[in-house]
Amino acid sequence: MRKVLIENQGHPRPHVLAAECPSRIVLGHITSRWGVLVLVVLLDGTHRFSQLRREIGGVSEKMLAQTLDALAGDGLVLRVAQQVVPPHVEYSLTPLGRQAAERLEVLVDWIEDNFPLIRQAQEAAALEAA
C-alpha cells in the first residue's frame, strides 16, 4: 500500500469498483453513449461542434455540449476557441483522450463485427420472454 501511495503522490490508487471512488464519474463520462461516440469520432482529428453533431447521429445539441464539457473537464478532450469572425470552437483529443479512444474503438469495432450474433441473441430472448 505504501508503494501505491508514493506512486500516486500520497493519494490511494483509484478503485472503480469502490462505491465512493471518484473514478466512477470519469468512467461514466467515457462510457456513456455519447462519450464513446465523441471520443471515437475525434480519433479522426480535430472537429468543430457542428461537424461532431453531423457525424454522431441522434445526439442533441445539449447532450453533445454536456458530453464535450465533461470530457474536457476530465482532460480527455481539448477545447480551443478560435479568435475569428464568426467565432468557432474546435475539439480534439488530448494524449490521454487518444489512449481512451483507441481502447473504445476496439470495443466499437467488436460490437459492429458481432452485431448479427448479438441481434440473434436479442431476438431469441424476446421470443423466450413472450
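Hi everyone, let's start with the sheet: in this predicted model, three strands make an open sheet in the order β1-β3-β2, with antiparallel pairing. The strands at the edges are β1, residues 47-48, and β2, and each has a single partner strand, so one side of each is left without a neighbour in the sheet.

Let me zoom in on β2 and β3. Strand β2 covers residues 77-82 and β3 covers residues 88-93; they run antiparallel and are joined by six bridges. Together they form a hairpin, with five residues between the two strands. If you'd like a pair to click on, try V80, which stands opposite E90 in β3.

Now, on to the core. Which residues touch the most other members of the largest nonpolar core? They are L39 and V77, out of 23 residues in that core. Several elements supply at least two residues each: α3 (33-42), α5 (61-73), β3 and α6 (95-129). The largest share comes from α3, with seven residues. As a general reminder, nonpolar side chains in soluble globular proteins tend to be buried together.

Let's stay with L39 for a moment, since you can follow its contacts on the screen. Setting aside neighbours within four places in sequence, L39 is in contact with I30, L71, L76, V77, L93, G97, A101 and L104. So V77, the other residue named for the core, turns up in that list too.

What about helix α3 itself: is it mostly covered or mostly open? Mostly covered, with eight of its ten residues buried. Those buried residues are W34, G35, V36, V38, L39, V40, V41 and L42.

Last stop, the helix packing. For two packed helices, the usual description is the angle between their axes and the distance between the axes. Here, α2, residues 23-31, packs with α3 at an angle of about 65 degrees, and their axes are 4 Å apart. That makes α2 roughly perpendicular to α3, and for those of you who like thresholds, the roughly perpendicular class runs from 65 to 115 degrees. On the α2 side, the contact is made by H29, I30 and T31, while α3 brings R33, G35, V36 and L39. Sorted by class, that contact has three nonpolar, three polar and one charged residues. And there is L39 once more, in the contact with α2 as well as in the core.

Thanks, everyone!

Technical notes
Residues are numbered from 1 along each chain as its sequence is written. This is a predicted model: local features need pLDDT of at least 70, side-chain atom pairs count only at pLDDT 80 or more; totals for chains, interfaces and linings use all residues. Side-chain values use heavy atoms; hydrogens and water are left out. Two strands pair if DSSP finds at least two bridges between them. A nonpolar core is a set of buried Ala, Val, Leu, Ile, Met, Phe, Trp, Tyr and Cys residues joined through side-chain atoms within 4.5 Å. Buried means under 20% relative accessible area, exposed over 50%, partly exposed in between (1.4 Å probe, protein chains only). Contact means heavy atoms within 4.5 Å. Axes are lines fitted to C-alpha atoms, for helices over the stretch in contact, and angles run from 0 to 180 degrees between N-to-C directions. Angles under 35 degrees count as roughly parallel, over 145 as roughly antiparallel, 65 to 115 as roughly perpendicular and the rest as oblique. Ala, Val, Leu, Ile, Met, Phe, Trp, Tyr, Cys and Pro count as nonpolar, Asp, Glu, Lys and Arg as charged, and the others, Gly among them, as polar.
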